[in-house]
Amino acid sequence: MGYTLDHIHLVCRNLEEIIEFFTGNFEAELVGIKKFGGVDGATLNLNGSKINLRVLKENEELAAADQGIHGYHHIGIGVDDLDKEYERLSGKGYKFSLPPKEIDQTMRIAFFEGPEDLTIELLEKKA
């Protein structure tokens, strides 16, 4: 049996801000607004990968970044030109915890913080 990643599901405080973050910065498409577990949510398509979002339920809280783990560590997004993306996103005010760095001859990475302490890894794979 073959296994594939079907989707990533993120919990957020501000649904519209997270939708705009992915659609405005990474060309994700809004598939639809829907309910997840009775609360507002949305599904995005990031070049064939699904990102499901939902707002906090009444009895839930998100931990601050310095107060523990959120149930995920980060999201990795592949890019063609890491330096160009670093400049573009830095220019929008996003703070990088790790600027572009070569891992080996096949890959370069960078990490930055999106809204609501969402950690994003950018990956540039070399041929």
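In the predicted model, Lys50 is in contact with Asp6, His7, Ile8, Thr43 and Leu44, its neighbours within four places in sequence being left aside. Lys50 belongs to strand E4, which covers residues 49–55. The relative accessible area of Lys50 is 36%, so this residue ranks as partly exposed. Arg88 follows 38 residues further along the chain, and the C-alpha atoms of Lys50 and Arg88 are separated by 24 Å.

The loop between E3 and E4 contains Asn47. The phi angle of Asn47 is near 50°, a positive value in a residue other than glycine. Most residues other than glycine have a negative phi. Asn47 has a relative accessible area of 81% and is therefore classed as exposed, the cut-off being over 50%. A positive phi, near 55°, also occurs at Glu116, again a residue other than glycine. Glu116 is placed in the loop between E7 and E8. With a relative accessible area of 18%, Glu116 falls under the 20% limit and therefore counts as buried.

At the level of the whole fold, the protein chain comprises two helices and eight strands. Their order along the sequence is β-α-β-β-β-β-α-β-β-β. The C-alpha trace spans about 45 × 40 × 30 Å along its principal axes. A compact globule of 127 residues would have a radius of gyration near 14 Å, and the 15 Å found for the protein chain agrees with this value. Among contacts with a separation of 6 or more, 47% join residues 24 or more positions apart. Of the 127 residues, 35% count as buried. The accessible surface of the protein chain amounts to about 8100 Å², and carbon and sulfur atoms account for 48% of that area. The chain carries 14 positive and 23 negative charges, whose mean positions are 2 Å apart.

In soluble globular proteins, nonpolar side chains tend to be buried together. The largest nonpolar core of the present model has 27 residues, of which Phe22, Phe26, Leu53, Ile77, Phe112, Ile120 and Leu122 touch the most other members. At least two residues of this core are supplied by each of helices H1 (15–26) and H2 (82–91), and likewise by each of strands E1 (7–12), E3 (39–46), E4 (49–55), E5 (75–78), E7 (107–113) and E8 (119–125). Helix H1 provides the largest share, six residues. Beyond residues up to four places away in sequence, Ile120 touches Phe21, Phe22, Ile75, Ile77, Ala110, Phe111 and Phe112. Among these partners, Phe22, Ile77 and Phe112 are themselves listed with Ile120 as core residues that touch the most other members.

Strand E6, formed by residues 95–104, includes Phe96. This phenylalanine has a relative accessible area of 17%, under the 20% limit, and is therefore buried. Residues up to four places away in sequence not being counted, Phe96 touches Tyr86, Leu89, Ser90, Ala110, Phe111, Phe112 and Leu122. Of these partners, Tyr86 and Leu89 lie within the 82–91 range of helix H2, whereas Ala110, Phe111 and Phe112 lie within the 107–113 range of strand E7. Leu122 is situated in strand E8, which covers residues 119–125. Ala110, Phe111 and Phe112 are also touched by Ile120. Phe96 and Glu17 are 79 residues apart in sequence, with their C-alpha atoms 19 Å apart in space.

Helix H1 also contains Glu16. Its relative accessible area of 58% is over the 50% cut-off, and Glu16 is therefore exposed. The C-alpha atoms of Glu16 and Ala42, residues that are 26 positions apart along the chain, are separated by 9.3 Å. Ala42 falls within the range of strand E3, residues 39–46.

Technical notes: Residues numbered from 1 in each chain as written. Predicted model: local features only at pLDDT ≥ 70, side-chain atom pairs only at ≥ 80, totals over all residues. Heavy atoms only, no water. Core = buried A, V, L, I, M, F, W, Y, C linked by side-chain atoms within 4.5 Å. Buried < 20%, exposed > 50% of the residue type's maximum accessible area, 1.4 Å probe, protein only. Helix = DSSP H or I, 4+ residues; strand = E, 2+ residues; numbered from the N terminus. Contact = heavy atoms within 4.5 Å. Rg over C-alpha atoms; globule rule 2.2 N^0.38 Å. Areas by Shrake-Rupley, 256 points an atom, 1.4 Å probe, with all protein chains shown as cover. Lys, Arg positive; Asp, Glu negative; His and termini not counted. Charge placed at Lys NZ, Arg CZ, Asp CG, Glu CD.
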